[in-house]
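Trainee: Could you take me through one part of this model in close detail? I would like to hear about the aromatic pairs and what lies around them.

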Amino acid sequence: MQVRTRHTPSFGVARLLLAPGEPARVESGAMMATSYGVAVEARAQGGLLKSLARAALGGESLFVSTFTAPPQGGWVDVAANLPGDLHVLELDGRVGWCLTRGSWLASSATIQLETQWGGFRNLFGGEGGFLMHAAGQGTVVLSCYGALDVVDLQPGEFVTIDTGHVVAYAETVQSRLRTMSQGLTQSLKSGEGLVFDFAGPGQVLTQTRNPRGLVTWLQANGLGARG
């Protein structure tokens, strides 16, 4: 699978170029258009229980759509719900990536996604919470809210980033999840919640806008969802 992006960095669209008979996995509802003849199948990826875990913990849909190109090949255009940039990761089969809630948009069929990865056990509460782990050899397309920044951490270098601004990080990076302020009351007063402490070496991908901030603004202006 090859990927061509357009309308970045503000309103990114990714075109997945597929060889004859090649499948690609796409977040449910992310498809904009396909070339004629591309087949689609939606299923609970990895079984119902794993899909429920991915939906509850990873922020993804219960079903994953698999698009398969016809004998002459084809393409699929995908886009995220929120405006922002796209980032294409090429996994070599040696280093996996941890993806935060809702950042996964599409990937090669050779990429494995899981929420119960052992590397999440050192995080707050003993679970990855809203994280997914991507491994294997192939391409992963990530979306972000706003522009995307890449933080390159050297060995032993540390950084603290609000969870709402983290898109993904390489599994070579050590991570710790904690509250920004001492105690829940102080966290509420400061407006800051959970943060990640990262230690290099490796890359951390961040987004310049926080989806939680959008929800807060909508609610404050009476534009939130009504029952």
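Mentor: Gladly! A word on naming before we start: strands are DSSP runs of at least two residues, numbered from the N terminus. Please keep in mind that this is a predicted model.

The structure holds 4 aromatic pairs. Let's begin with Tyr169 and Phe198, whose ring centres are 4.9 Å apart with the planes at 55°, so this pair is tilted. Tyr169 belongs to strand E15 (residues 166-170) and Phe198 to strand E17 (residues 194-199), so the pair ties together parts that are 29 residues apart in sequence. Both Tyr169 and Phe198 are buried.

Phe198 has a second ring partner, Phe196: the centres of these two rings lie 5.1 Å apart and their planes meet at 25°, so the pair is stacked, the cut-off being under 30 degrees. Phe196 is buried, as is Phe198. Taken together, ring pairs join Tyr169, Phe196 and Phe198 into a cluster.

Now look at Thr163, which sits in the loop between strand E14 (158-162) and E15. Its relative accessibility is 9%, so Thr163 counts as buried. Leaving aside residues up to four places away in sequence, Thr163 touches Phe196, a member of the ring cluster. Thr163 also touches Phe130, Leu177, Leu194, Val195 and Arg212.

One more aromatic residue deserves a glance, this time with a charged partner: Arg15 lies over the face of Trp75, at 3.7 Å from the ring centre.

Notes:
Residues are numbered from 1 along each chain as its sequence is written. This is a predicted model: local features need pLDDT of at least 70, side-chain atom pairs count only at pLDDT 80 or more; totals for chains, interfaces and linings use all residues. Side-chain values use heavy atoms; hydrogens and water are left out. Rings of Phe, Tyr and Trp (its six-membered ring) pair if their centres lie within 6.5 Å; planes under 30 degrees apart count as stacked, over 60 as edge-to-face and the rest as tilted. Helices (H or I, at least four residues) and strands (E, at least two) are DSSP runs, numbered from the N terminus. Buried means under 20% relative accessible area, exposed over 50%, partly exposed in between (1.4 Å probe, protein chains only). A charge sits over a ring if NZ of Lys or CZ of Arg is within 6 Å of the ring centre and within 35 degrees of the ring normal. Contact means heavy atoms within 4.5 Å.
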